[in-house]
Amino acid sequence: MLAEYYEQLEILGTNITLGILFLLIGLAIRDVLKRSSVPRFGQIIVWLVLFLGCFGFIAKGIIQVLWESGI
């Protein structure tokens, strides 16, 4: 039982870490986009992909933990 709990925490932690990594990459790309002459449409596409990636990893971790715990 305790091993399953730790495994679920590890899965959730990994996905949250990947989500935070996506967020940090997005902040770095934002600085690059501010300094260059990228069209607004291109900036919106980049932010959309990063936003979906960031929150997608976090949601995946939460859903996976809930699914495996049987809730």
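**Two helices, packed together**

Colleague: Which helix do the buried residues of H1 pack against?

Modeller: Buried means under 20% relative accessible area (exposed is over 50%, partly exposed in between; 1.4 Å probe, protein chains only), and I count a contact when heavy atoms are within 4.5 Å. By that reckoning, the buried residues of H1 pack against helix H2 (40–69).

Colleague: What sort of model is this, and which residues of H1 are buried?

Modeller: It's a predicted model, where local features need pLDDT of at least 70 and side-chain atom pairs 80 or more, while totals for chains, interfaces and linings use all residues. Residues are numbered from 1 along each chain as its sequence is written, and side-chain values use heavy atoms, leaving out hydrogens and water. The buried ones in H1 are Gln 8, Ile 11, Asn 15, Gly 19, Gly 26 and Leu 33.

Colleague: How many helices and strands are there in the protein chain?

Modeller: Both are DSSP runs numbered from the N terminus: helices are H or I with at least four residues, strands are E with at least two. On that basis the protein chain has two helices and zero strands.

Colleague: What span does H1 reach from its first C-alpha to its last?

Modeller: H1 has 34 residues. The expected span is 1.5 Å times one less than the number of residues, which gives 50 Å for H1. The model comes close to that, at 50 Å.

Colleague: What radius of gyration does the protein chain have?

Modeller: Its C-alpha atoms fill a box of roughly 55 × 15 × 10 Å along the principal axes. The radius is taken over C-alpha atoms, and the globule rule is 2.2 Å times the number of residues to the power 0.38. A compact globule of 71 residues would be near 11 Å, but the protein chain has 16 Å.
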